[in-house]
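This report looks at helix packing, salt bridges and one loop residue in a single protein chain. Please keep the sequence and the structure in view while reading.

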Amino acid sequence: MEYYIVIPAHNEETFIALTLNSLISQTVLPKKVVVVNDNSTDKTAEIVTAFAKENPFITLVNKTSEAIHLPGSKVIQAFHKGFETLDENYDIIVKLDADLILPTNYFETVLNIFKKDATIGMAGGFAYIEKNGEWILENLTDKDHIRGAFKAYRKACFQQIGNLKPAMGWDTVDELLSKFYGWKVVTDASLIVKHLKPTGANYNKIARYKQGEAFYTLGYGFLITSIASAKLAMMKRKPFLFLDYIKGFVKAKSAKTPLLVTPEQAKFIRKYRLKKMKEKLF
């Protein structure tokens with residue numbers, strides 16, 4: 001099985017070498033790694049170029065975009081830019097962040113997961129962050145969710161869900177659509193990924209409303225959005241975020257923001273989400 005990796009990177013000179021070092025140390029090497037230098041004003045491009053000289057499977061692609069960091073759209077537009085440079089000779093496509101340290105057996109393990117079951121569409125490990133000198137689980141999501149920082153897709157699944165959506169919520173809608181089409185999403189707790197920059201570290205105030213907008217565009221409806229918003233605000237230990245999320249949802253609904261899914265998919269998603277919520281309660 002061959003796997004390709006696309007890494008969107010914006011001003012990642014502090015971490016990108018650590019990420020690339022962990023890739024060239026994999027027990028099963030990637031066939032191709034494309035780093036998309038997205039408007040960086042630091043030494044990101046120079047560091048990647050130095051790695052590319054020593055490791056021919058690494059290439060650098062430059063992209064210009066706005067400096068503002070909004071969750072979702074910017075990073076996926078950069079992913080698309082990198083993906084367009086690749087051929088079709090891959091079995092697994094990976095979207096990776098530029099601030100990770102992966103265990104050396106990460107991709108060997110992930111490929112084995114895909115090999116075991118042809119109905120597995122996505123696979124990944126878990127994100128850990130450093131707190132007081134210890135690496136602890138970055139506990140923002142359910143254990144059956146693969147974090148947006150490291151997504152690996154089987155080619156057929158990736159094509160069926162229609163690539164990645166350039167909007168916040170892309171790393172939730174990909175899994176929901178995979179399930180809609182009958183694919184399994186598998187996580188492996190033995191794969192500990194060190195996430196060097198905690199999620200949302202650079203997000204501005206506009207981004208707070210974006211979460212509510214994302215819930216709307218996923219087709220959640222008000223009830224599921226309210227429950228999901230309350231849960232996320234509690235997980236982040238910022239109760240007032242709940243109001244921001246609800247405001248974002250209402251604003252998106254009033255503006256008739258287009259959904260990321262079809263009405264049929266939205267219906268499936270609401271049913272699936274409610275089922276999962278009931279399972280947790282009873």
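Is D87 buried, partly exposed or exposed, judged by its relative accessible area? The model examined here is a predicted one, and in this model D87 has a relative accessible area of 28%, which means that D87 is partly exposed.

## Salt bridges across the chain

Side chains of opposite charge can pair when their charged atoms come close. In this model the count comes to 11 salt bridges. One of them joins the side chains of K32 and D87, with a nitrogen-to-oxygen distance of 2.7 Å. K32 belongs to strand β2 (residues 32–38), whereas D87 sits in the loop between α3 (73–83) and β4 (92–96), and the pair, 55 residues apart, thereby links distant parts of the chain. K32, like its partner, is partly exposed, because its relative accessibility is 28%.

Strand β2 also contributes D38, which forms a salt bridge with K74, the closest N and O atoms being 3.1 Å apart. Since D38 lies in strand β2 and K74 in helix α3, this pair ties together parts that are 36 residues apart in sequence. D38 is buried, with a relative accessible area of 3%, and K74 also counts as buried, at 9% relative accessibility.

A further salt bridge is formed by E12 and K197, whose closest N and O atoms are 2.9 Å apart. E12 lies in the loop between β1 (3–9) and α1 (16–24), and K197 in the loop between β9 (184–195) and α7 (205–217), so the pair ties together parts that are 185 residues apart in sequence. E12 counts as buried because its relative accessibility is 8%, under the 20% limit for that class. Besides these pairs, K151, D174 and E175 are linked in a network of salt bridges.

## Helix α10 and its packing partners

Two packed helices are described by the angle between their axes and the distance between the axes. Helix α8 (residues 221–235) and helix α10 (residues 263–281) pack at an angle of about 45°, with their axes 11 Å apart. This angle makes α8 oblique to α10, and the crossing of the two helices is left-handed. On the α8 side the contact is made by G221, L223, I224, I227, A228 and K231, and on the α10 side by R270, R273, L274, M277 and K280. By class, the contact of α8 with α10 has 6 nonpolar, 1 polar and 4 charged residues.

Helix α6 (residues 170–180) packs with α10 at an angle of about 95°, and their axes are 10 Å apart. The two helices are therefore roughly perpendicular to each other. T172, L176, L177, K179 and F180 of α6 make this contact with E264, Q265, F268, I269, Y272 and R273 of α10. The residues of the contact of α6 with α10 divide into 6 nonpolar, 2 polar and 3 charged.

## The surroundings of A149

A149 is found in the loop between β7 (134–137) and β8 (150–154). With a relative accessibility of 6%, A149 counts as buried. Leaving aside residues up to four places away in sequence, A149 touches K95, L96, D97, L100 and H195. Between A149 and D188 the C-alpha to C-alpha distance is 15 Å, while the two residues are 39 residues apart in sequence.

Technical notes: Residues are numbered from 1 along each chain as its sequence is written. This is a predicted model: local features need pLDDT of at least 70, side-chain atom pairs count only at pLDDT 80 or more; totals for chains, interfaces and linings use all residues. Side-chain values use heavy atoms; hydrogens and water are left out. Axes are lines fitted to C-alpha atoms, for helices over the stretch in contact, and angles run from 0 to 180 degrees between N-to-C directions. Helices (H or I, at least four residues) and strands (E, at least two) are DSSP runs, numbered from the N terminus. Angles under 35 degrees count as roughly parallel, over 145 as roughly antiparallel, 65 to 115 as roughly perpendicular and the rest as oblique. A crossing is left-handed if the near helix is turned anticlockwise from the far one by less than a right angle, and right-handed if clockwise. Contact means heavy atoms within 4.5 Å. Ala, Val, Leu, Ile, Met, Phe, Trp, Tyr, Cys and Pro count as nonpolar, Asp, Glu, Lys and Arg as charged, and the others, Gly among them, as polar. Buried means under 20% relative accessible area, exposed over 50%, partly exposed in between (1.4 Å probe, protein chains only). A salt bridge is a side-chain nitrogen of Lys or Arg within 4 Å of a carboxyl oxygen of Asp or Glu.
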